[in-house]
Amino acid sequence: MKYYIGIDLGGTFVKAGVVDEDYNIVAKASVDSADVAGDAEKVADRMAECARQALAKANLTMDDVESIGIGTPGSVDPNTGMIIYANNLNFLNTPMRQYLEARTGKKIYLENDANVAAYGEVLAGAAKGYNDAIVITLGTGVGGGIIIDGKIYSGFNHFGGELGHAVIVKDGRQCTCGRKGCLEAYTSATALVKMTQEAMEANKDSKLWEVAKTLEEVNGKTAFDAMRMGDPVGTELVDQYIQYLGCGLANFVNIFQPEVLLIGGGLSKEGETLLAPLREILKEETYGISGVKSTTLKTCALGNDAGTIGAAFLWKIYA
């Protein structure tokens, strides 16, 4: 049996998983990295430590490992192993491959974290068996991953795939990226929380107040829970949210025509409550004719494990 390590590099934690050749995660570990944020070499120390902790749990050593892959926020040049720019990690032209190879003695592969999560779903998750897939993650922001012919697409400069920053409302809500009207500004969990809070302040008799006792307790489920209670304000919020999301997804289908489009992140747990109306929007708003194969819409299957598996098998693309 061959083993690989997939590392999820975050701003506060480093997580590592030992993955076998059948895409099974046999052991995991996590170490804090908040205290070394911005110091690339110390972050590399933590990643190596985390990898060894995961190996120890699997009763393995670094000698048993074929290669190590890293999923990191920001833009990455997988050919040079450089993190070109990761604003939340404070990295700029950081030679992370070099740093981690020196600490592990293993071949290192790097990619953007949303891309490796999408790749993981193609390898072993809800997109297994498909060559062309798009994965949208609805979380604090809106992440995107594009897989074309089984490989990650990120453009000539490795900044591609930022699907959350496609504008769906001209001069709309301010997005953290600097643009206005981005998909992320309307369909991230953060955006839905903000829109729910605004609706609560404008509708003091809404059942939204029963679900979330205070504005501070609002989360991405609040509007959906109020809708299920028959609340008209919650229902309108959910309908509006789905219309925004459907607009963005229809754009991506029209551009890429992927075999499968996956939705991940916390909001994807709404399942068919979310997917059924989205399928109707895609049926109405995507280009095509009756009888021609169309994109399959599903939720992600692997959760946080997608990034671990995708990172561990980056060698399949870049070796």
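A colleague questions a modeller about how the terms used for this predicted model are justified.

Colleague: Why is Leu262 called buried?

Modeller: Buried means under 20% relative accessible area. Leu262 has 0%, so Leu262 counts as buried. Leu262 is found in strand β12.

Colleague: Which residues are in contact with Leu262, leaving aside neighbours within four places in sequence?

Modeller: Contact means heavy atoms within 4.5 Å. Glu121, Ala126, Ala127, Ile134, Val135, Ile136, Lys298, Thr299 and Cys300 meet that. Ile70 is a residue to compare by position: Ile70 and Leu262 are 192 residues apart in sequence and 22 Å apart in space, C-alpha to C-alpha.

Colleague: What makes Asn115 buried?

Modeller: The cut-off is under 20%. Asn115 has 3% relative accessibility, so Asn115 counts as buried. Asn115 sits in helix α3. Not counting residues up to four places away in sequence, Asn115 touches Gly144, Gly145, Ile146, Ile147, Ile152 and Ser154.

Colleague: And Leu55: buried or exposed?

Modeller: Buried, because the relative accessible area of Leu55 is 1% and the limit is under 20%. Leu55 belongs to helix α1, residues 40-57. Beyond four places in sequence, Leu55 touches Ile5, Val18, Leu60, Thr61, Met62 and Val65. The C-alpha atoms of Leu55 and Glu270 are 35 Å apart, with these positions 215 residues apart along the chain.

Colleague: Why is helix α10 said to be largely enclosed?

Modeller: Helix α10 covers residues 305-312. Seven of its eight residues are buried, so α10 is largely enclosed by the rest of the structure. The buried ones are Ala306, Gly307, Thr308, Ile309, Gly310, Ala311 and Ala312.

Colleague: What covers the buried residues of α10?

Modeller: The cover includes strands β1 (3-9), β2 (13-20), β3 (25-32) and β4 (65-72). Helices α3 (113-124) and α11 (315-318) are also included.

Colleague: Which residues touch the most other members of the largest nonpolar core?

Modeller: Leu138, Tyr241, Leu249, Ile263, Leu274 and Leu278, out of 44 residues in this core. The elements giving two or more residues to this core are β9 (133-138), β10 (142-148), α4 (184-187), α5 (189-202), α7 (222-228), α8 (232-256), β12 (260-264) and α9 (272-285). Helix α8 gives the most, with 10 residues.

Colleague: What does Leu274 touch, not counting residues up to four places away in sequence?

Modeller: Leu138, Phe224, Tyr241, Ile242, Leu245, Ile263, Leu267 and Ser268. Apart from this core lies another, of 34 residues, among them Val14, Leu60, Phe91 and Leu100.

Colleague: How many disulfides does a search of the whole structure find?

Modeller: Zero. Take Cys177: the nearest cysteine sulfur, that of Cys182, is 3.7 Å away. A disulfide needs sulfur atoms within 2.5 Å, so Cys177 is in no disulfide.

Colleague: Why is Cys177 called partly exposed?

Modeller: Cys177 has 39% relative accessibility. Buried is under 20% and exposed is over 50%. The value for Cys177 falls in between, so partly exposed is the term. Cys50, in contrast, is buried at 0%.

Colleague: What makes Asn59 stand out in phi?

Modeller: Asn59 has a positive phi of about 60° although it is not a glycine. Most residues other than glycine have a negative phi. Asn59 lies in the loop between α1 and β4. Its relative accessibility is 74%, and exposed means over 50%, so Asn59 counts as exposed.

Colleague: How do you know that Asn90 is exposed?

Modeller: Asn90 has a relative accessible area of 61%. The bar is over 50%, so Asn90 is exposed. Asn90 is in the loop between β6 (82-86) and β7 (91-94). Phi of Asn90 is also positive, near 60°.

Colleague: Which lining residues lie nearest the centre of the second largest pocket?

Modeller: Leu282, Lys283, Thr286, Ser294 and Thr295, among 17 lining residues. The space in this pocket is about 390 Å³. Helix α9 and strand β13 (296-299) each give two or more residues to the lining. The largest share, three residues, comes from α9.

Colleague: How do the residues of that lining divide?

Modeller: Six are nonpolar, eight polar and three charged.

Note on methods. Residues numbered from 1 in each chain as written. Predicted model: local features only at pLDDT ≥ 70, side-chain atom pairs only at ≥ 80, totals over all residues. Heavy atoms only, no water. Core = buried A, V, L, I, M, F, W, Y, C linked by side-chain atoms within 4.5 Å. Buried < 20%, exposed > 50% of the residue type's maximum accessible area, 1.4 Å probe, protein only. Helix = DSSP H or I, 4+ residues; strand = E, 2+ residues; numbered from the N terminus. 1 Å grid on protein atoms, 1.4 Å probe; cavity = no way out; pocket = protein on both sides within 12 Å on 5 of 7 lines; lining within 4 Å. Points joined across faces, edges and corners; volume = space filled by probe spheres on them. Nonpolar A, V, L, I, M, F, W, Y, C, P; charged D, E, K, R; others polar.
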